[in-house]
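Please consider the model shown below together with its ligand. The account begins with polar contacts and then turns to the surrounding space.

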Amino acid sequence: MSDAACEPGPEPGFAALLACHPELSLGADGLSFEQVTLAAIADALGTPCWVYSSGALLSRLAAFTGAIRDAELDGAVHFAMKANANRAVLATLGRAGCGIDIVSGGELMAARAAGIAAGRIVFAGVGKQADEIRLALAEGILQFNVESPAELAMIAGIAAAMGRRAPVALRVNPDVDAGTHDKISTGRLGDKFGISAAEIPALYAHMAALPAIAPAGLAVHIGSQITGLAGYRAAYARLAELTRGLEGQGLSVPRLDCGGGLGIAYRAEPVPSPAEYAAMVRATLGPLRKPLLFEPGRWLSGPAGVLLASVILEKQEGAHRFVILDAAMNDLVRPSMYGAWHGIVPLARSQHAAPLSPADLVGPVCESSDRFAARRPMPALAAGDRVAFLDAGAYGSVMSSTYNGRPLAAEAMVKGDAWAVVRARQSYQAVWADERLPGWLDPDLPG
Ligand code: LLP
């Protein structure tokens, strides 16, 4: 996967955005994902709906694993399923040999239900609960990435009671700034994640003496949507230094987990390629000659998904042009939550060459932050016209809610010239199906 075709620019045009997305193409029928016309999916499923490309998932996985292999690293890829938990996505990647990074018992169950072997699952997170730890031990996962002495004690106690040895890596907080958005930085002291490097040697030695723990090594994850390699370089250098120190104390460090975080070109900006990332890993961690784990989420699934939406209406207020879409912040929260920029591209071919004028693209939710884009150059759009939000395959549907009584949107997957629904649109009734009316209210309310 080369990013060479991506030209940087403050407000890239539709063609520049499509150049960064090889599985998307503009034909006579408008925008297609692989060989499926996106308008056909929108016609059949309605909007908003998410569409994932099996081919894009697999080619991105192949590009990532290929870069690791070409750098002569012994590495395994574990998709961070917090980015996209649809079981069709997990099974597509899993059948191609990918492992999974989880952060909860719920993710563990979904990964297992997608056919992922427990031995390919890594469990991260600062607050694993006793029942989740028990479940993971019973399933026999590959490793826990532990983030505090208290959590280590908890896992050791539960494993001992179950007569198991828990494989544990310690997650280091390397105190580096990944140079990304504050809300998705995880490797600075003061972020809640990991254990400071100064504490690692003593804690690792303590862990190695616990009979119910099998030390699995060290882990690090410094943030997400990282578009420069300097933070990684510093973090991995620290990991290497700690590893050498531990081995110098006679401790065994079987493998290193490099975390995820590699950024993608949302607005056709330059981002490091997997080959550049792998070369940096080779330079920093390669000399240790250890098995490595990688936990990319966004890089694998982000560009492999789009969110389709229809125009409800346009409204002009003075000089301000609003395009009101049927997708909203409850579907794709990234713009309101992080000020994130997503490409928004019309499905109709004719609109790719039409004159542009700035528009605010907003959803119907009753919040001013329900705004996907401000003063974005867009063609004239009429009610019923459709657009695709690009790079919506990561941190899209997983972060959706039913706010404002809006059912969760449908999800589909394309593969070549075929497509299938991989999640039905939620019904209105399903939104409240798990609620119960207390006895003092009339239980015979109209259903
Ligand atoms: N490993 C760990 C331990 C993580 O916490 C994460 C992401 C990943 C791997 C995967 O990172 P990725 O390769 O996807 O950058 N909701 C935010 C992103 C939150 C990321 C949380 N941790 C967003 O929409 O930008």
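A polar contact is a pair of N or O atoms within 3.5 Å; within protein, one must be able to donate a hydrogen and the other to accept it, and residues adjacent in sequence count only if both atoms are side-chain atoms. The model is predicted, so local features need pLDDT of at least 70 and side-chain atom pairs count only at pLDDT 80 or more, while totals for chains, interfaces and linings use all residues. Side-chain values use heavy atoms, without hydrogens or water, and residues are numbered from 1 along each chain as its sequence is written.

A polar side-chain atom of Tyr-338 lies 2.8 Å from a nitrogen atom of the ligand. Oxygen atoms of the ligand take part in further contacts: one is 2.4 Å from an N or O atom in the side chain of Ser-224, and one is 2.8 Å from a backbone N or O atom of Gly-297.

Around the ligand there are 19 residues, each with a heavy atom within 4 Å of it. Ser-224, Glu-295, Arg-298, Arg-334 and Tyr-395 come nearest. Domain 1 (3-53 + 302-431) and domain 2 (54-301) each supply at least three residues to this shell; the domain bounds come from an automatic or database domain assignment.

The lining of the largest pocket also receives residues from both domain 1 and domain 2, and therefore the pocket lies between them. A pocket here is an open set of points on a 1 Å grid over the protein atoms alone, where a 1.4 Å probe fits, with protein on both sides within 12 Å along at least five of seven lines; lining residues have an atom within 4 Å of a point. The lining comprises 34 residues, with Lys-82, Thr-186, Phe-193, His-221 and Tyr-395 nearest the centre of the pocket.
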